[in-house]
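I sat down with this one to look up three things: strand pairing, the pocket and the nonpolar core. Here are my notes.

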Amino acid sequence: MNYISKLLIFFFVLLTSCVSTNMKGIIDPDYKNSFFIKKMIIKGIDMPLTEEAQLIDSFKKMASNYDVEVINGMDVFLQTREYTSDELLKTAQKYSADSILWFFYEKKADSRYVPLGYSHSYASSYGNYSSISTYFIPGYYSERRKIAIAFRMIDAKNGKDVWVADGNSFGDEDDFISFSDLIDDISERALSELEKEKLFKKKQ
């Protein structure tokens with residue numbers, strides 16, 4: 001198999017790679033089949049602002065397919081203030097929110113060097129002269145991106161836990177999957193899990 005054929009196969013694998021997301025959640029028995037959310041606030045905990053905003057934006061985008069209103073918690077709970085538990089609930093109630101969804105996630109990227117390199121030579125001649133040229137094809141660094149995440153949803157009226165979950169999302173090694181792709185997949189999976197627990201419905 002020549003070098004070009006190997007490259008074509010390599011890029012085909014890259015383009016057909018996908019995201020894998022695993023998530024395990026538990027709903028409190030007191031809220032099973034008895035709690036329906038129309039409006040919720042989503043907010044990150046102790047995270048860099050850029051990364052927090054990225055997941056919130058993704059969650060809001062994915063939530064457009066569901067019959068629930070998602071409020072950006074960064075607009076509700078000010079980063080410059082500290083809130084007691086009672087103040088958090090009272091602030092959420094001002095927005096008529098049924099629940100608050102807290103989250104924390106961590107980005108990771110594992111890399112390794114793949115020694116793909118080999119040399120390729122060819123001969124050429126002109127008149128009485130001839131030469132041999134050699135090209136070396138170097139190896140490359142392989143990276144696998146992944147995200148670990150935890151969710152905690154509370155009742156905005158009393159602060160009790162409604163649903164908790166954790167999970168992870170990762171791309172295939174040597175793919176074009178970005179952290180944004182992983183975040184979108186996590187957002188969609190979390191919304192799907194909440195729908196399965198009948199906390200809200202998908203739009204018809």
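**Strands first**

I started with β2 (residues 39-44) and β3 (residues 69-72), which run parallel and are joined by 4 bridges. This is a predicted model, so I'm reading computed values throughout. For the register, I checked K39 and found it opposite E69 in β3. Then I traced the chain between the two strands: from β2 it goes through helix α2 (residues 49-62) and on to β3. I noted the hand of this β-α-β crossover as right-handed.

**Pocket**

Next I looked up the largest pocket, which holds about 440 Å³ of space. Which residues sit closest to its centre? I got K43, G44, I45, L88 and W102, out of 19 lining residues. I also asked which elements give two or more residues to the lining, and the list is β2, α4 (85-94) and β7 (140-155). The largest share comes from α4, with 3 residues. By residue class, I have the lining down as 9 nonpolar, 6 charged and 4 polar.

**Core**

Last, I pulled up the largest nonpolar core, a set of 37 residues. Those with the most contacts inside it are M40, F151, M153, W163, L199 and F200. Which element gives the most to this core? It's α5, with 7 residues. I wrote down the elements that each supply at least two: β1 (19-27), β2, α2, β4 (99-114), β7, β8 (161-171) and α5 (179-196).

Cross-checking my lists, I see β2 and β7 in the pocket lining, and β2 and β7 again among the suppliers of the core.

Note on methods. Residues numbered from 1 in each chain as written. Predicted model: local features only at pLDDT ≥ 70, side-chain atom pairs only at ≥ 80, totals over all residues. Heavy atoms only, no water. Pairing = 2+ DSSP bridges. Right-handed = clockwise from strand over helix to strand, strands pointing away. 1 Å grid on protein atoms, 1.4 Å probe; cavity = no way out; pocket = protein on both sides within 12 Å on 5 of 7 lines; lining within 4 Å. Points joined across faces, edges and corners; volume = space filled by probe spheres on them. Nonpolar A, V, L, I, M, F, W, Y, C, P; charged D, E, K, R; others polar. Core = buried A, V, L, I, M, F, W, Y, C linked by side-chain atoms within 4.5 Å. Buried < 20%, exposed > 50% of the residue type's maximum accessible area, 1.4 Å probe, protein only.
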